[in-house]
Amino acid sequence: TSTIPPSIFKPANLTAVLFGMNKLTGSLSGSMFQEASNLVYLYLNANDLGGTLDDFSQTEGLPSLKKLRLEYNSFSGTIPKLEFPSLELFYAYNNSLLTSGLDNLSSSIALKKLKLSNCSLAEELPTTLGSLTSLEVLHLNGNQLTGTVPSEFQQLTELEELRLDANDLAGAVPFEVCNLRNSQLSTFVSDCGGEWSGVACSCCTECGT
């Protein structure tokens with residue numbers, strides 16, 4: 001068990017920090033990364049990290065960051081706006097204390113893979129996620145999301161996987177969103193069967209039960 005030593009991020013040619021599946025503790029601060037301008041991969045998944053992500057998200061030291069893995073930790077509070085212009089992958093699933101902030105991700109337009117399953121997101125599914133037009137994978141299952149599937153999701157023409165099951169969504173999936181099944185979308189799971197029967201979906205590949 002140890003904290004992350006800030007000196008790790010000092011080398012100017014550092015491109016990857018792969019610290020997944022350890023017993024790291026503490027929180028993430030923006031000051032750790034002020035000199036990590038060439039960092040592309042930051043994997044801190046499956047540790048004992050906690051606190052909020054607010055300070056970390058505001059750092060200007062990560063312009064090259066493409067892949068950020070924080071899943072299986074204990075981060076809490078709101079998902080902040082991520083000021084990382086190159087970010088293509090953000091995994092923070094199984095952080096049961098993350099409660100809101102999906103709308104803050106709408107400016108991360110380079111995102112291709114977003115997994116936030118099994119957190120405690122208790123908010124309306126935002127229409128603004130439809131602006132993430134490069135998304136290929138979107139997993140939001142296992143939360144407490146409410147509302148309906150937004151018609152704005154029709155803009156996600158690169159989407160291959162969409163998981164919205166095990167939430168509190170309701171209503172019918174818009175026809176325009178179902179049309180994505182005619183392009184790249186091969187996996188679409190929602191609460192359309194069994195005890196999770198709040199969604200009417202004629203195009204889902206699987207219904208959560």
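S96 is found in the loop between β8 and β9. The model shown here is a predicted one. With a relative accessible area of 47%, S96 is partly exposed, because that value falls between the 20% and 50% limits. If neighbours within four places in sequence are set aside, S96 is in contact with N118, C119 and S120. Of these contacts, C119 is buried, with 6% relative accessible area. A further reference point is P126: S96 and P126 are 30 residues apart in sequence, and their C-alpha atoms are 20 Å apart in space.

The loop between β8 (89-91) and β9 (97-100) also holds Y93. Y93 is buried, at 18% relative accessible area. Which kind of pair do the rings of Y72 and Y93 form? The ring centres of Y72 and Y93 are 5.7 Å apart and the planes meet at 80°, so the pair is edge-to-face. Y72 lies in the loop between β6 (67-69) and β7 (74-78), so this pair links distant parts of the chain, 21 residues apart. Unlike Y93, which is buried, Y72 is partly exposed, with a relative accessible area of 46%.

The structure has six aromatic pairs. Another of them joins F33 and F56, whose ring centres are 5.2 Å apart and whose planes stand at 65°, so this pair too is edge-to-face. F33 is in the loop between β3 (24-25) and β4 (41-43), while F56 is in helix α1 (residues 54-57), so the pair ties together parts that are 23 residues apart in sequence. F33 is buried, with 0% relative accessibility, and F56 is buried as well, at 1%. F33 and F56 belong to one aromatic cluster together with F9 and F84. Elsewhere, a ring meets a charge: the charged end of R69 sits over the ring of Y43, 5.3 Å from the ring centre.

Next come the strands further along the chain. Strand β12 (residues 161-163) pairs with strand β14 (residues 187-190) in the parallel sense, over three bridges. One bridge partnership is between E161 and T187, the latter in β14. Strand β14 is also joined to strand β16 (residues 206-207) by two bridges, and these two strands run parallel. Here V189 has E206 in β16 as its bridge partner.

Strand β16 leads on to the disulfides. A disulfide is a covalent bond between the sulfur atoms of two cysteines. How many disulfides does the whole structure contain? The search finds three. C192 and C207 form one of them, with sulfur atoms 1.9 Å apart. The torsion about the S-S bond of C192 and C207 is about -100°, so this disulfide is left-handed. C192 lies in the loop between β14 and β15 and C207 in strand β16, 15 residues apart. C207 is partly exposed, with a relative accessible area of 30%.

Another disulfide joins C178 to C203, with an S to S distance of 2.1 Å. The link of C178 and C203 is left-handed, with -70° about the S-S bond. C178 is in helix α2 (residues 175-178) and C203 in the loop between β15 (199-200) and β16, 25 residues apart. C178 is buried at 12% relative accessible area, and C203 is buried at 11%.

There is also a disulfide from C201 to C204, S to S 2.1 Å. Its torsion about the S-S bond is about 100°, so the disulfide of C201 and C204 is right-handed. Both C201 and C204 are buried. With bonded cysteines counted along the chain, the disulfides follow the pattern 1-4, 2-6, 3-5.

Key: Residues are numbered from 1 along each chain as its sequence is written. This is a predicted model: local features need pLDDT of at least 70, side-chain atom pairs count only at pLDDT 80 or more; totals for chains, interfaces and linings use all residues. Side-chain values use heavy atoms; hydrogens and water are left out. Rings of Phe, Tyr and Trp (its six-membered ring) pair if their centres lie within 6.5 Å; planes under 30 degrees apart count as stacked, over 60 as edge-to-face and the rest as tilted. Helices (H or I, at least four residues) and strands (E, at least two) are DSSP runs, numbered from the N terminus. Buried means under 20% relative accessible area, exposed over 50%, partly exposed in between (1.4 Å probe, protein chains only). A charge sits over a ring if NZ of Lys or CZ of Arg is within 6 Å of the ring centre and within 35 degrees of the ring normal. Contact means heavy atoms within 4.5 Å. Two strands pair if DSSP finds at least two bridges between them. A disulfide is a pair of cysteine sulfur atoms within 2.5 Å.
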